[in-house]
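Hi,

Here is the structure I said I would pass on. Have a look at it first, and then read my notes underneath.

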Amino acid sequence: KRRMFASSCSKGEDELNSNEQPLAIVGTTRKKVTRKKTVTNEKFEMNIYKVLKQIHPELGVSINAMSILNAMMRDLFHRIVYEAIILCGKIKTLEPRTIFTSLRFIFSGEICKHAISEGCRVVEKYVKQHQVKSDGETLPDVQEVRGKKKAEKKTRVS
């Protein structure tokens, strides 16, 4: 395989001078490697619309207002995730406690309390829906586990 250089093409030389950079390698084909871009289309429009209809069934939202609300929700989501990742450190699993702590950092006051209470409600609902294991056994209820742990602590203290 012969190498072609900028100065050697004009002079007709095949030798490499020390200060010249190669332009291309003759005889080989280079394929341009393109990576598939992962596009994240985080759209909260349906969720925003459902909440709006729960609160005010007679109202609607324009396209511009929906895009602004979607951008705001995306920004809040990224802030919460960023704080949660910092709190996790080397642990690779996000837990509800980490999310709640990141909510406390981002929001303040009354809105923080409402966000955490709604989050707790959703987590408990998810746990109740996914209690059945693959072999048919059911997992214990969250309240039962908490009650057993409290009873164990009382017996240890006594």
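Below is what I found, going from the overall layout to single residues.

Before anything else, please keep in mind that this is a predicted model.

**The overall layout**

The protein has six helices and two strands. If you walk along the sequence, the elements come in the order β-α-β-α-α-α-α-α. There are 158 residues, and 14% of them are buried. As for how the chain folds back on itself, take the contacts with a separation of 6 or more: 23% of them are between residues 24 or more positions apart.

**The core**

The place I would start is the largest nonpolar core, which has seven residues: Leu76, Ile80, Phe100, Leu103, Phe107, Cys112 and Ile116. Helices H3, H4 and H5 each put at least two residues into this core. That goes with a general habit: in soluble globular proteins, nonpolar side chains tend to be buried together.

Leu103 is a good residue to click on. You will find Leu103 in helix H4, which covers residues 96-106. With a relative accessibility of 8%, Leu103 counts as buried. Leaving out residues up to four places away in sequence, Leu103 touches Ile80, Cys112, Ala115 and Ile116. One of those, Ile116, sits 13 residues from Leu103 along the chain, and the two C-alpha atoms are 7.4 Å apart. Seen from the other end, and with the neighbours up to four places away again left out, Ile116 touches Phe100, Leu103 and Arg104.

**Helix H5 and its two sides**

H5 has 20 residues and spans 29 Å from first C-alpha to last, close to the 28 Å expected at 1.5 Å a residue. Which residues of H5 are buried? They are Cys112, Ile116 and Gly119. Looking down the axis of H5, the buried residues fall within an arc of 60°, so they line one face of the helix. H4 is among the things that cover them. On the other side of H5 you get the exposed residues Glu110, Ile111, Lys113, Lys128 and Gln129.

**Two polar residues that are buried**

Ser102 belongs to helix H4. Is Ser102 buried or exposed? Ser102 is buried, as its relative accessible area is 0%. The side chain of Ser102 comes to 2.7 Å from the backbone oxygen of Ile99. Apart from its neighbours within four places in sequence, Ser102 is in contact with Ile80, Glu83, Ala84 and Leu87. Ile80 may ring a bell, as it is on the list for Leu103 too.

The other one is Asn70, in helix H3. Asn70 has a relative accessibility of 5% and counts as buried. If you skip residues up to four places away in sequence, Asn70 touches Glu42, Lys43, Phe44, Glu45 and Ile48.

**The salt bridges**

How many salt bridges does a search of the whole structure find? The search finds two. As background, side chains of opposite charge can pair when their charged atoms come close.

One salt bridge joins the side chains of Asp75 and Arg79, at 3.1 Å from N to O. Both residues are in helix H3 (residues 63-88), and because they are four residues apart there, about one helical turn separates them. Asp75 is partly exposed at 36% relative accessible area, and Arg79 is partly exposed at 44%.

The other salt bridge joins Arg121 and Glu118, at 2.8 Å from N to O. These two are in helix H5 (residues 110-129), three residues apart, so about one helical turn lies between them. Arg121 counts as partly exposed at 46% relative accessibility, and Glu118 is partly exposed with a value of 42%.

The spacing in these pairs fits the geometry of a helix: an α-helix has 3.6 residues a turn, so residues three or four places apart point the same way.

**If you only have five minutes**

Go to Leu103 and look at its contacts with Ile80, Cys112, Ala115 and Ile116. Then look down the axis of H5 to see the buried residues within their 60° arc. After that, find the salt bridge between Asp75 and Arg79 and the one between Arg121 and Glu118.

Best wishes

Conventions
Residues are numbered from 1 along each chain as its sequence is written. This is a predicted model: local features need pLDDT of at least 70, side-chain atom pairs count only at pLDDT 80 or more; totals for chains, interfaces and linings use all residues. Side-chain values use heavy atoms; hydrogens and water are left out. A salt bridge is a side-chain nitrogen of Lys or Arg within 4 Å of a carboxyl oxygen of Asp or Glu. Buried means under 20% relative accessible area, exposed over 50%, partly exposed in between (1.4 Å probe, protein chains only). Contact means heavy atoms within 4.5 Å. The expected span of a helix is 1.5 Å times one less than its number of residues. The arc is that of the directions from the helix axis to the C-beta atoms. A polar contact is a pair of N or O atoms within 3.5 Å; within protein, one must be able to donate a hydrogen and the other to accept it, and residues adjacent in sequence count only if both atoms are side-chain atoms. A nonpolar core is a set of buried Ala, Val, Leu, Ile, Met, Phe, Trp, Tyr and Cys residues joined through side-chain atoms within 4.5 Å.
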